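Thank you for making room for this at group meeting. Let me put the sequence and the structure on the screen, and then I will walk you through what can be read from them.

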Amino acid sequence: MLISLIGLLALLICLFIGLPIAWGMMLVGVLGFSYFAGLEAALSMAAQLSFDTVMSYSFTVLPLFILMGNLVNASGLSNDLYRAAYAFIGHFRGGLAMATILACGAFSALCGSSMATAAAMGRVAMPAMRRYQYDDRLATGSIAAGGTLGILIPPSVMMVVYGILTDTDIGKLFAAGFLPGILAILMYLLTIVIITAINPALGKPGERTSWRERLSAAKGVITITVLFVGIMGGIYGGVFTPTEAAGVGAFGTFLMTLYRRGWKPRLYLTVLIEAAQTTAVMFALVIGALAFNNFLNVAGLPAGLQDWVQGMDVPPLVVILAICLIYLVLGCFLETMSMVLLTVPIFFPVVAGLGYDLIWFGIIVVVAAEISLITPPLGLNLFMIKNIMPEIGLGTLIRGAIPFVLADITRLLILILVPWIILALPNSMG
C-alpha cells in the first residue's frame, strides 16, 4: 500500500510539472513494476503491453468510432439538427436553448465527443440566441451542458475506454447509456423551463414555424436517425458486435458526408489525419493506463483498498457516494479522460467486491466524469466555448453552467438510487 501511494503521488507530481498523463502513467507504471519484478521484466511488460494493445482486434472499435465522429463533425449536420429542433420548439419561452439541448443530443448520437459537440453547436446556436436577445448565461450554459451529452449518449468513446480497461461488454455499455442520456436531456430541458419561468427575459420565444416548415426541417435529419437506429439496433439485436457496428457507422457517416459535402479530397484527408492523431493519443493513454494498472495490481492497492473498505463496515451505498464525491472533486482539476484512466483501475475492484453491477458502475463513472466538463476551474466545454466566443467572460460561462451542474448532480443521485434506469436495456439483451 505504501509503494502504491508513493506511485500515485509521483504521478500527480508528473502531472503538476506538465508531463503528459500518458507518459506519466507509463513512467510510474514501469518504475513501480520494476521495484517488484526488476527493470528487465518491467520493460518487457511495457513492450508486450504496447504490442498487444495496438494489435488487438477488439481495440479496432476505438479508431473507427473516432473516425465516425470526425466525419459527422465535417458533414455540417449540426445546422440541420438545430434547424429541426428549433422548428418544433423554438416558439416556446427558452425554446432556442431547449432546441440547442435537443440538437446536441442528436449530434452526440453519432459524434461521441463532448468538446466537438459543444464546438459545433456553439457556432450554430449562439448566433440565433443572440438574435433573440438571449442572456449570455443561459445561452452558453445550454451549449456547454448539451455538449456533455457527447460522452453519455452512445456510441461513446468514454464507454469504449471503460470497457477496454475493465473488460466489460461495450455493447451493453452502449445500451445502458441510452436511457440515462434521455434523462439528461429531459432534466436539462426542465432546468431551462425553470430558469425562464423565474425570469422570462432571459430566453424570449422565437418565431413560430408552420407545419410545412417543420416537416421540411425534419427531412434533413432522417439520415442520421436511420444511421443511429441501425447502429444501436444492430448491437441491441445481436446483428453485429460493437466493433462491426463501428465499421458500419464509419462507412455510413462517410456516405452521409459524401452526399452532403460532395467529393472534397482535402476535407477527407483532414478528417483522416485528425482521426489518426486522436487515435494515437487515445492509444497512448490506454497503454499508459494499463501499465500503471499493472503496477497497482502488483503493489496490491486494489486488494488492499477493498479490504480496507470492507473493514470499515459501512453500507455499500456510502462507498458509492464517496467515490462519486471524489470524481466531482477531481473533475475540478483533472481532464475527463485522464481522471477516468487514473481512477477506474483503483475503484473498479472495490465496486466489484461490493457486488454492484459493473455495467451500472461504468455509466455512473461516465456521468460523474461528464459533470467535470462544465465545473470550474477546468471545465473543458467552458473553455471550448470561450475559445469560440472570446468576448464572453469566463465568469459569465461559469454562472451559466451552475444550474446545469445542479441538474447533473441530481441526475447522478437518481441513477445511483434507481439502477433500473441504467440496467433495463442491457439486461434485456441476449
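I would like to begin with cysteine 104, whose relative accessibility is 0%, so this residue counts as buried, the cut-off being under 20%. Please keep in mind throughout that what we are looking at is a predicted model. Cysteine 14 is also in the buried class, because its relative accessibility of 10% falls under that 20% cut-off. As for disulfides, a search of the whole structure returns 0 of them.

Let me step back to the overall fold. The secondary structure of the protein consists of 21 helices and 0 strands. Taken along the principal axes, the C-alpha atoms occupy a box of roughly 70 × 50 × 45 Å. How does the radius of gyration relate to that of a compact globule? For 430 residues such a globule would come out near 22 Å, and because the protein itself has 22 Å, the two agree. Of the 430 residues, 56% are buried, and among the contacts with a separation of 6 or more, 80% are between residues that lie 24 or more positions apart.

Now to the largest pocket, which holds about 750 Å³ of space. Its lining is made up of 28 residues, and those that lie nearest the centre of the pocket are Ser113, Ser114, Met115, Thr278 and Met282. Which helix gives the largest share of that lining? The answer is helix 14, with 6 residues, while the helices that each supply at least two lining residues include helix 4 (61-74), helix 7 (114-131) and helix 19 (380-388). Sorted by class, the lining of the largest pocket has 16 nonpolar residues, 10 polar residues and 2 charged residues.

Helix 19 deserves a second look, since we have just met this helix at the pocket. The buried residues of helix 19 are Leu380, Asn381, Leu382, Met384 and Ile385, and the elements that cover them include helix 7, helix 8 (136-147) and helix 20 (394-417).

Finally, a residue from the other end of the accessibility scale. Valine 226 sits in helix 12, which spans residues 222-236, and with a relative accessible area of 55% it is classed as exposed, because the cut-off for that class is over 50%. Between valine 226 and glycine 252 there are 10.0 Å in space, C-alpha to C-alpha, and the two are 26 residues apart in sequence.

Notes
Residues numbered from 1 in each chain as written. Predicted model: local features only at pLDDT ≥ 70, side-chain atom pairs only at ≥ 80, totals over all residues. Heavy atoms only, no water. Disulfide = S-S within 2.5 Å. Buried < 20%, exposed > 50% of the residue type's maximum accessible area, 1.4 Å probe, protein only. 1 Å grid on protein atoms, 1.4 Å probe; cavity = no way out; pocket = protein on both sides within 12 Å on 5 of 7 lines; lining within 4 Å. Points joined across faces, edges and corners; volume = space filled by probe spheres on them. Helix = DSSP H or I, 4+ residues; strand = E, 2+ residues; numbered from the N terminus. Nonpolar A, V, L, I, M, F, W, Y, C, P; charged D, E, K, R; others polar. Rg over C-alpha atoms; globule rule 2.2 N^0.38 Å. Contact = heavy atoms within 4.5 Å.
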